[in-house]
Amino acid sequence: MSVPKLTLSENSEGALAKSRAEVIVVGTLQGADGVELAAGAEAVDDAFEGTLTEVLATLGATGKSEEIVKVPTLGRVPAGLVLAVGLGKADDVTPERVRRAAGASGRALSGHKRVLTTLSELDLQATVEGTVLGTYSFTEYKSEPGEAAPSTIEVAAPSEGTTRAHKATVKAATAIAEAVGVARDLVNTPPNDLYPGSFAERAKDLADTAGLEFEVLDEKALKRKGFGGILGVGGGSSRPPRLLRVAYRGAKAKKTVALVGKGITFDTGGISLKPAAGMDSMTSDMAGAAAVLASVVLAAKLKYPLEVVAHIPLAENMPSGTAYRPGDVLTMYGGKTVEVLNTDAEGRLILADAISRACEEEPDYLIETSTLTGAQIVALGERTAGIMGSDDFRDRVATLAQATGENGWPMPLPEELRSGLDSKIADLANVTGQRWGGMLAAGIFLREFVSGDLPWAHIDIAGPSYNSGSPWGYTAKGGTGVPVRTIAAVLADIADYG
Ligand code: BES
Ligand code: MN
Ligand code: ZN
């Protein structure tokens with residue numbers, strides 16, 4: 001993705017006359033007696049001699065969430081157009097509501113080169129994140145890319161706080177939105193072009209640019225070191241598996257955080273083949289890998305005082321004469337054996353290897369994320385991730401996920417499900433053989449590979465990482481970049497509080 005250039009201007013009062021923007025974005029609210037103007041719109045309203053609300057009401061504006069109404073300015077201000085975007089009910093305008101409105105405005109701004117947004121007077125960070133993410137589009141494979149997103153976004157400064165602080169906020173929010181874009185691009189790249197080897201190359205480019213440590217284990221190294229889970233799952237593909245280690249060592253690092261992300265570049269189910277309907281969405285089965293890669297790059301960009309190490313297992317789950325079978329027993333990294341009862345429960349097998357390796361380095365925290373189970377979508381729907389793990393850290397991650405608007409929810413690992421994973425011939429089976437609690441059973445499987453008292457979280461993003469419906473708020477169709485913003489928030493929290 002290419003991120004628009006962001007510039008911090010004066011507050012909207014000062015910026016309006018000077019700005020070279022073609023469009024000015026203002027917020028609207030659903031008041032008791034119809035549409036109202038949000039803070040930041042005063043200067044535009046003055047230029048309209050106080051008639052803007054009436055003009056908007058006449059055009060049918062109500063202020064409801066994500067509503068877009070365009071008003072020509074006819075020379076009242078240098079910009080030709082006012083774009084009014086709805087924030088919803090006038091009470092309790094949360095950062096997430098600002099982010100969604102900003103996203104909706106970003107989506108409506110295609111074709112305009114330069115814009116000035118005043119939503120920032122409500123919430124600067126949410127406005128930058130939302131606007132930039134709203135302008136995202138993936139046109140790599142289009143012969144005709146369509147109307148371009150704005151190249152410059154001027155952001156009106158909020159009245160409170162220093163310019164220095166505002167600049168820092170704009171910079172951080174832009175970096176966060178850019179990281180989300182990196183993850184979206186990887187998810188949106190089709191599986192004929194994105195496979196373990198090519199993912200590794202892209203990761204190396206990103207790591208080199210950010211000055212990170214980079215290591216890749218190819219199939220020979222994986223065999224030598226005993227990564228039986230990754231090799232088993234990757235064995236059916238002509239494109240061999242990889243395991244990446246991408247590390248950022250911040251100056252004065254207070255804590256070490258290990259990140260692990262599922263990188264199945266395409267999931268056919270393997271010999272336990274998936275049905276054809278909807279199989280194309282399994283191009284997103286590397287969304288966890290994309291998110292942790294984008295997050296470690298972001299950690300370096302924002303210079304968190306932490307050590308952040310991403311472990312990324314990559315494999316393509318294909319049926320073939322060399323594929324692993326239901327009935328196979330794999331010896332995982334670290335020595336545990338797993339009986340494969342369903343080759344479509346492949347994510348947990350590659351993750352087990354990567355988690356074991358991450359734990360060898362004795363990090364202070366471990367965050368793992370994966371498009372792990374359809375059961376996550378059954379339980380929580382398409383927009384809410386399931387968060388499992390050790391109780392305190394799980395709750396901390398879930399609270400931060402909600403604060404970012406990514407909306408993860410804490411889920412238990414009920415002890416009675418553990419015995420379902422007992423195998424007659426190996427240490428463990430990869431599925432329980434019963435449908436109920438599938439998301440939780442997968443979490444319990446992963447727990448077997450996490451060191452005893454390590455605070456850890458497993459974020460199942462099967463639904464929220466991929467939007468197969470229409471765009472909404474700042475969420476485009478296709479890859480969403482979830483949970484990059486949650487991981488960023490957790491890293492920032494650990495940097496602040498340990
Ligand atoms: N990648 C899928 C999970 C998935 C499903 C992600 C739908 C996104 C949307 C995973 O590898 C899988 O196939 N899981 C199985 C597990 C089952 C065999 C225990 C599932 O959920 O059906
Ligand atoms: Mn699968
Ligand atoms: Zn999968």
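Helix α10 is largely enclosed by the rest of the structure, because 14 of its 15 residues are buried. The model here is a predicted one, and in it α10 runs over residues 287-301. From first C-alpha to last, the helix reaches 21 Å, which is close to the 21 Å expected at 1.5 Å a residue. Just past the end of α10 comes K303, with a positive phi of about 50°.

Next up are the metals. The zinc ion (ligand 3) is held by K262 through NZ, by D267 and D285 through OD, and by E346 through OE, with distances of 2.0 to 2.4 Å. Yes, a lysine nitrogen is on that donor list. The zinc ion (ligand 3) has six donor atoms, and the angles among them run from 77 to 173°, making the site octahedral. Anyone wanting to find these residues in the sequence can look for the spacing K-x4-D-x17-D-x60-E.

The manganese ion (ligand 2) sits 3.2 Å from the zinc ion (ligand 3), and D267 coordinates both. Around the manganese ion (ligand 2), the donors are D267 (OD), D344 through both its O and its OD, and E346 (OE), at 2.1 to 2.2 Å. This site also has six donor atoms, but with angles of 69 to 167° it comes out as irregular. The donors of the manganese ion (ligand 2) are spaced D-x76-D-x1-E along the chain. D267 and E346 bring together distant parts of the chain: D267 belongs to strand β11 (residues 263-267), while E346 is in the loop between β14 (337-339) and α11 (347-360), 79 residues apart.

How exposed or buried are these two acidic residues? Both D267 and E346 are buried. For D267 the relative accessible area is 2%, and since buried means under 20%, D267 qualifies. E346 counts as buried too, at 0% relative accessibility.

Now for the rings. The aromatic pairs come to four in total. One of them is F227 with Y333, which counts as stacked because the ring centres are 4.0 Å apart and the planes are at 5°. This is another link between distant parts of the chain, with the two positions 106 residues apart: F227 is in the loop between α8 (219-225) and α9 (228-234), and Y333 is in the loop between β13 (329-331) and β14. F227 and Y333 are both buried.

Charged side chains turn up over ring faces as well. R383 lies over the face of W472, 3.6 Å from the ring centre. K336 does likewise with F449, at 5.2 Å from the centre of the ring.

That leaves P363, which is found in the loop between α11 and β15 (365-370). Its relative accessibility is 10%, so P363 counts as buried. What does P363 touch, leaving aside its neighbours within four places in sequence? The contacts are T256, A258, A358 and L454. G161, for its part, is 202 residues away from P363 in sequence, and the two C-alpha atoms are 37 Å apart in space.

Key. Residues are numbered from 1 along each chain as its sequence is written. Chains are lettered from A and ligands numbered from 1 in the order in which they are written. This is a predicted model: local features need pLDDT of at least 70, side-chain atom pairs count only at pLDDT 80 or more; totals for chains, interfaces and linings use all residues. Side-chain values use heavy atoms; hydrogens and water are left out. Donors are N, O and S atoms within 2.8 Å of the metal (3.2 Å for Na, K and Ca); water is not among the atoms, so sites may look incomplete. Four donors count as tetrahedral if all angles lie between 85 and 135 degrees; four count as square planar and six as octahedral if opposite donors are over 155 degrees apart and all others between 65 and 115; anything else is irregular. Helices (H or I, at least four residues) and strands (E, at least two) are DSSP runs, numbered from the N terminus. Buried means under 20% relative accessible area, exposed over 50%, partly exposed in between (1.4 Å probe, protein chains only). Rings of Phe, Tyr and Trp (its six-membered ring) pair if their centres lie within 6.5 Å; planes under 30 degrees apart count as stacked, over 60 as edge-to-face and the rest as tilted. A charge sits over a ring if NZ of Lys or CZ of Arg is within 6 Å of the ring centre and within 35 degrees of the ring normal. The expected span of a helix is 1.5 Å times one less than its number of residues. Contact means heavy atoms within 4.5 Å.
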